[in-house]
Amino acid sequence: MIFLPATNKTLQHAPAFGFMSAVPDKPKAADRCRMEIFYSGRVQGVGFRYLTKSTAAGFEIAGTVRNLSDGRVELIAEGAREELENFRAAIRDSGLKMFIRDEAVTWSEARSEFKSFEIVG
């Protein structure tokens, strides 16, 4: 096994096929963080939570998304920071950007309280 620091991947020998494959390394607990976003705009009644959950399936993250009574949507996700930043960009790129007026983001240490990504509330 060979670790490639620049790519955060490890090359593993695949003897049956005679080649090496690059696989992402699992983030260490210390590398994990928590991203909390409050979205405002026309973010309720447009499929925001469902599209966000669908988008989350393509990332190694866990968390929740829910509507708030004041018209905003709250998203909490935990994972590697780069993965979370890519997830955040993918939400905007999924067609939701036109509904978002503002996104207030805060970062903190992961609490490891989620096992998957779910719609709640």
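## From one cysteine outward through the sheet

Leaving aside residues up to four places away in sequence, Cys33 touches Ala77, Glu78, Gly79, Arg81, Leu84, Trp107, Ser108, Glu109 and Ala110. This residue, in what is a predicted model, is found in strand S4, and it counts as buried because its relative accessibility is 11%, which falls under the 20% limit for that class. Its bridge partner in strand S6 is Gly79, one of the residues in the contact list. Another residue of that list, Ser108, stands 75 residues away from Cys33 in sequence, yet the two C-alpha atoms are 5.9 Å apart in space.

The strand that holds Cys33 is a good place from which to read the rest of the chain. Strand S4 covers residues 32-41, and seven of its ten residues are buried, so it is largely enclosed by the rest of the structure. Strands of a sheet pair through backbone hydrogen bonds, either parallel or antiparallel. S4 pairs with strand S6 (residues 73-80) in the antiparallel sense over eight bridges, and with strand S7 (residues 100-109), again in the antiparallel sense, over nine bridges. Along the pairing with S6, Glu36 has Ile76 as its bridge partner, while on the S7 side the partner of Tyr39 is Glu103.

S6 in turn has eight of its eight residues buried, so this strand too is largely enclosed by the rest of the structure. Seven bridges join S6 to S5, and these two strands run antiparallel; within that pairing, Val65 has Leu75 of S6 as its bridge partner. S5 and S6 form a hairpin with five residues between the strands, and there Gly71 takes a positive phi near 95°. S5 also pairs with S8, in the parallel sense and over three bridges, with Thr64 standing opposite Glu118 of S8.

Put together, these pairings give an open sheet of five strands in the order S7-S4-S6-S5-S8, with mixed pairing. S7 and S8 stand at the edges, and each has a single partner strand, so one side of each is left without a neighbour in the sheet. From one strand to the next, the twist averages 15°.

Two helices are set against these strands. H1 lies across S4, S5, S6, S7 and S8, and it runs at about 170° to S8. H2 packs on the sheet as well, touching S4, S5, S6, S7 and S8, and its direction makes about 140° with that of S6. Which residues of H1 (residues 48-56) are buried? They are Phe48, Arg49, Thr52, Thr55 and Ala56. These residues cover an arc of only 125° around the axis, which puts them on the same side of H1. What covers them includes S4, S5 (61-67), S6, H2 (81-96), S7 and S8 (117-119), so that the other helix appears in this list together with strands of the sheet.

The side chains that meet between these elements can be followed through the nonpolar core. The largest such core has 19 residues, and those with the most contacts inside it are Tyr39, Phe48, Leu75, Ala77, Phe87 and Phe117. The elements that give two or more residues to this core are S4, H1, S5, S6 and H2. Tyr39 touches two other members of that group of six, Phe48 and Leu75, and its contacts also include Arg72, Val73, Arg88, Ile91, Ile100, Asp102 and Glu103, residues up to four places away in sequence not being counted.

A contrast to these buried positions is found in the loop between S7 and S8, where Ser112 lies. At 54% relative accessibility, Ser112 counts as exposed. Most residues other than glycine have a negative phi, but the phi of Ser112 is near 55°, a positive value in a residue other than glycine.

Seen as a whole, the chain has two helices and eight strands, which follow one another along the sequence in the pattern β-β-β-β-α-β-β-α-β-β. Buried residues make up 32% of its 121 residues. Among contacts with a separation of 6 or more, 67% join residues 24 or more positions apart, and the pair of Cys33 and Ser108, 75 residues apart in sequence, is an example of such a long separation. The chain exposes about 7,500 Å², of which carbon and sulfur atoms supply 52%.

Key
Residues are numbered from 1 along each chain as its sequence is written. This is a predicted model: local features need pLDDT of at least 70, side-chain atom pairs count only at pLDDT 80 or more; totals for chains, interfaces and linings use all residues. Side-chain values use heavy atoms; hydrogens and water are left out. Buried means under 20% relative accessible area, exposed over 50%, partly exposed in between (1.4 Å probe, protein chains only). Helices (H or I, at least four residues) and strands (E, at least two) are DSSP runs, numbered from the N terminus. Two strands pair if DSSP finds at least two bridges between them. The arc is that of the directions from the helix axis to the C-beta atoms. Contact means heavy atoms within 4.5 Å. A nonpolar core is a set of buried Ala, Val, Leu, Ile, Met, Phe, Trp, Tyr and Cys residues joined through side-chain atoms within 4.5 Å. Accessible areas come from the Shrake-Rupley method with a 1.4 Å probe; for residues, only the protein chains shown count as cover. Axes are lines fitted to C-alpha atoms, for helices over the stretch in contact, and angles run from 0 to 180 degrees between N-to-C directions.
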